[in-house]
Each structure stands twice: as structure tokens, then as C-alpha cells.
Amino acid sequence: MKALETYPSEIRTYQDRISGVTVKQMTRFRGHSFHTYFTNNGFWDQNRRLLFTSDRKNACNLFSIELESGEISRLTDFPAGDWTQTDFVNDVNPKRPEVYYIRENRLYAFDLMTLESRFLYQAPEGFELHGGLVGADGKYTYVTLMEDLSNRIYTNLSASYVGMRDVFHAKPDCRIVRVDVDTAQADELWQEYCWIGHVNPSPTQPTIVTFCHEGPWQLVDQRMWVMDTQTCKPVMLRPRKMSGEMVGHEYWYKDGLRVGYQAHKPEMGSYFGVINYDGTEEHEAPCVPFPGPDHVHSIDYNLIVSDSGKSIKLYRYNGTDFDDARVLCMHDGSFFHQFHHPHPKITDDGKQVLYNSNVDGYSNLYMVDIPADVAALPKVKDL
């Protein structure tokens, strides 16, 4: 692969102060480096490399790290001092070495081998462009259009969700658009006057996507929706069951057939849930309450990772409910800005957890092996 600039390995390892496991810090730089949202797959080159975003040299650019050697490659060349918002989705096309990003309300495809960008789509006037995850067949990327409310609502959603409640109550015009990555043909699949977010294609079913009604969880009418792009008729996925119930942080399991999520029920506590995308075989099991904010991820229902509080935790399903939360390692980071969030992600082989931490002042990437005996890790409640 080409690179505009390479950096030597920054990897260092240390023993976690609570669990004693070996933590591998992948990046060390006085500027934020982070992997994107846990629903996005940034691993590529047969999982030998990982994409990440970094603001080295006072510019937001896309980078790739070779996981074994630690060598870092800079892939894009936006200049220092350029404050133009650039959103690197870092969700690699499963059929080609290509990823997508949004800059100045325009969607681009980026070839990871040639480092060339090509324009795909521009948001119409009066709308903001978000998203860019790619479907299982590699033919389409999915974006959302959201009515531009900046002339009447101040927001900084990346920084502790400033303005989130106001946007929710404004009921903006939102649309889901499918963009052909070869022809750039754009098809509007769905429109409604409700804040839409997190359009997540199934990793195995080419025509199935989930999306959410965004906003403060306790206020959202129905969080999770599923849509077949052949019919474009959204269906509720795991309907809300009681007033005040909060459901969210939905994500696809590795099989692309099941959706994981978390639920918080008034007077009943916190639950991990799973449901087939057709609405069948719903199952929820209690777990320890979450101190917010938090994110969860898994590749199946057997082992779930969370970043609530100051630690990366593992929860093992025992057939009835989830065992006590175990500390894999401490992230000791903050949740002030989106790129400070750990956003832990279990790798597809189930062997490691990838996460961010700004414990040293700047966000950096970390990876840690999941031990064979999770039960040997210390319990959160015993600390």
C-alpha cells in the first residue's frame, strides 16, 4: 500500500493496575488519535491493519496502523490549520479496500491502496450529511440527511451532547439515502419528521439496515427500527414496553442476523438484549446497573464488553443472566468529547478488545487480549 508519510511504532505494553492483564497501547502522540464508533469496522488488509483518525500536525487526517509491527501510515493530506469538519467513517467496504468520508456536506469514496478520493454525493441545500456505513455486498453506502437547524438551535453534539434535547423536540426533516459506490446514483429510501441516526447495515444481509430515532433515551418514542431496502417499509424492532424505559446502543452481531442492545427499565434495572432482525427470538437478561454514559458491544450473546465508569468490563452470559461484571482493564478516561469515548469493540475473532482512552490527556488507541478464563478477572463489586 502507498503512504504519504510513515511513523515508527509507538507501541508500548504495561500491566493493568487492577486486573494485571497486559495492555498494548497502540498510539502515543500529543494529539488525539481514535478509532471511530464501535459499529464501524476499521480493520482491513485481512485484519492486519486498522484505520484510525488523528489530528497530528494540527490537521484531521486518516491513518492506518499495522497491528503487528506498529508502523503507522498517513493516508490523507488535509493541511495543518484546516478546521473544515471531516468525518472519517472508517467502515471498510467488505468487497474492496475502500472507505468513505464526509467533508463540507459531500460524500467521498477513498481508495486505501491508491490514496485517491472520488466524489459520490452532495447534500441538497438546507440539509446536513451524516453516516456512510457500507452494506454487506459492498455496493452501497448509507447516509442520512438531516434538516439544518443551525440558524435556530445551537448544538455541539460531539461535546457532551449540547443541544440534543432541542434537536429532538424540533422534529427535523430526516431522510435515509442509499448511494451506489460505483455509479454514485443516490436513492432516497425513507423520510420522516423525526431525528434519524445510526443507519447500520447488516454485515451479512445486503438489503437489511437498522436505524434509530435519536434523542434523549427516556423521551424517544421507539428507538430501534429495521428496514428492508427492497420494500423501504420500516418496522419497529423490540417495541418500547413501558413509560420511561430506555433502549439503545444497538449493534449487529457478527452473524448479521441478530441485533444486540441494552435496556434500562424503571424499577427493574439494566438488561442486555438480543433480537433477530425479523423481530423473533427476543431475549433479555439482567446485568448490573450501568453508571452512564456507557457503550456495549459483542459478537454474540456469550460475552459483552462495556466502558461504563472508568474501566473496560466483561460480562459473561451463564445461560440465565450475566455473571458479575469483571474488570478487563482500566481505561481511566473521560467522556467529554466523542473521541474521548472508549467505544470498546470486540474483534471478530473474539480474542481482543479495541478501545480509546484519553487518560494521558490525549486520546489514543489501546488493545488488550481477552483471557481464556474471564472468571479469573477481578469483580467490579469487589473493588
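These notes cover the pockets, cavities, cysteines and a few selected residues of a predicted model.

1. Second largest pocket. The volume of this pocket is about 700 Å³. Its lining counts 31 residues, and the closest to the pocket centre are Asn-41, Asp-91, Val-92, Pro-203 and Asp-348. Four strands each give two or more residues to the lining: strand 5 (43–44), strand 13 (127–134), strand 17 (196–201) and strand 21 (246–252). By class, the lining splits into 15 nonpolar, eleven polar and five charged residues.

2. Cavities overall. How many cavities of 30 Å³ or more does the whole structure hold? The search finds two. Each is taken in turn below.

3. Largest cavity. This cavity encloses about 70 Å³ of space. Trp-217, Val-220, Asp-221, Gln-222, Arg-223 and Met-224 are among its lining residues. Leu-237, Arg-238, Pro-239, Arg-240, Glu-245 and Val-247 also line the largest cavity. The class count is six nonpolar, one polar and five charged.

4. Second largest cavity. About 50 Å³ of space lies here. The lining includes His-35, Thr-36, Asn-40, Asn-41 and Gly-42. Leu-50, Leu-51, Asn-90, Lys-345 and Leu-354 belong to the lining of this cavity too. By class there are six polar residues, three nonpolar and one charged. Asn-41 deserves a second look: this residue lines the second largest cavity, and Asn-41 is also listed among the residues closest to the centre of the second largest pocket.

5. Cysteines. How many disulfides does the whole structure have? The search returns zero. For Cys-212, the nearest cysteine sulfur belongs to Cys-194 and is 8.9 Å away. Cys-212 is buried, because its relative accessibility is 0%, under the 20% limit. Why is Cys-287 without a bond to Cys-329? The closest cysteine sulfur to that of Cys-287 is in Cys-329, and the gap of 19 Å is too far for a bond. A disulfide would need the two sulfur atoms within 2.5 Å. Cys-287 also counts as buried, at 11% relative accessible area.

6. Asn-61. This residue sits in strand 7 (residues 61–66). Is Asn-61 buried or exposed? Asn-61 is buried, with a relative accessible area of 2%. A polar atom of the Asn-61 side chain lies 3.2 Å from the backbone nitrogen of Asp-77. Beyond its neighbours within four places in sequence, Asn-61 contacts Phe-52, Thr-53, Ser-54, Arg-74, Thr-76, Asp-77, Phe-78 and Phe-88.

7. Thr-76. Thr-76 occupies the loop between strand 8 (72–74) and strand 9 (86–88). This loop residue is buried, at 5% relative accessibility. The side chains of Thr-76 and Asn-61 make a polar contact of 2.6 Å. Leaving aside neighbours within four places in sequence, the contacts of Thr-76 are Leu-4, Asn-61, Leu-62, Phe-88 and Phe-110. Phe-88 therefore touches both Thr-76 and Asn-61, given that contact means heavy atoms within 4.5 Å.

8. Asp-173. Which strand holds Asp-173? Asp-173 lies in strand 15 (residues 173–180). Its relative accessible area is 7%, so Asp-173 is buried. Two side-chain partners stand out. Arg-175 is joined to Asp-173 by a polar contact of 2.8 Å between side chains. Gln-191 makes a polar contact with the Asp-173 side chain through its own side chain, at 3.1 Å. Not counting residues up to four places away in sequence, Asp-173 touches Phe-127, Leu-145, Met-146, Glu-147, Gln-191, Glu-192 and Tyr-193. Asp-148 is 25 residues from Asp-173 in sequence, with 8.8 Å between the C-alpha atoms.

9. Gly-244. This glycine is in the loop between strand 20 (235–236) and strand 21. Gly-244 is partly exposed, with a relative accessibility of 28%. What does Gly-244 contact outside its neighbours within four places in sequence? The partners are His-264 and Pro-266. Gly-244 and His-264 are 20 residues apart along the chain, and their C-alpha atoms are 8.7 Å apart. Strand 21, which borders this loop, also gives two or more residues to the lining of the second largest pocket.

Conventions: Residues are numbered from 1 along each chain as its sequence is written. This is a predicted model: local features need pLDDT of at least 70, side-chain atom pairs count only at pLDDT 80 or more; totals for chains, interfaces and linings use all residues. Side-chain values use heavy atoms; hydrogens and water are left out. On a 1 Å grid over the protein atoms alone, a cavity is a set of points where a 1.4 Å probe fits but cannot get out, and a pocket is an open set with protein on both sides within 12 Å along at least five of seven lines; lining residues have an atom within 4 Å of a point. Grid points are joined across faces, edges and corners, and a volume is the space filled by probe spheres set on the points. Ala, Val, Leu, Ile, Met, Phe, Trp, Tyr, Cys and Pro count as nonpolar, Asp, Glu, Lys and Arg as charged, and the others, Gly among them, as polar. Buried means under 20% relative accessible area, exposed over 50%, partly exposed in between (1.4 Å probe, protein chains only). A polar contact is a pair of N or O atoms within 3.5 Å; within protein, one must be able to donate a hydrogen and the other to accept it, and residues adjacent in sequence count only if both atoms are side-chain atoms.
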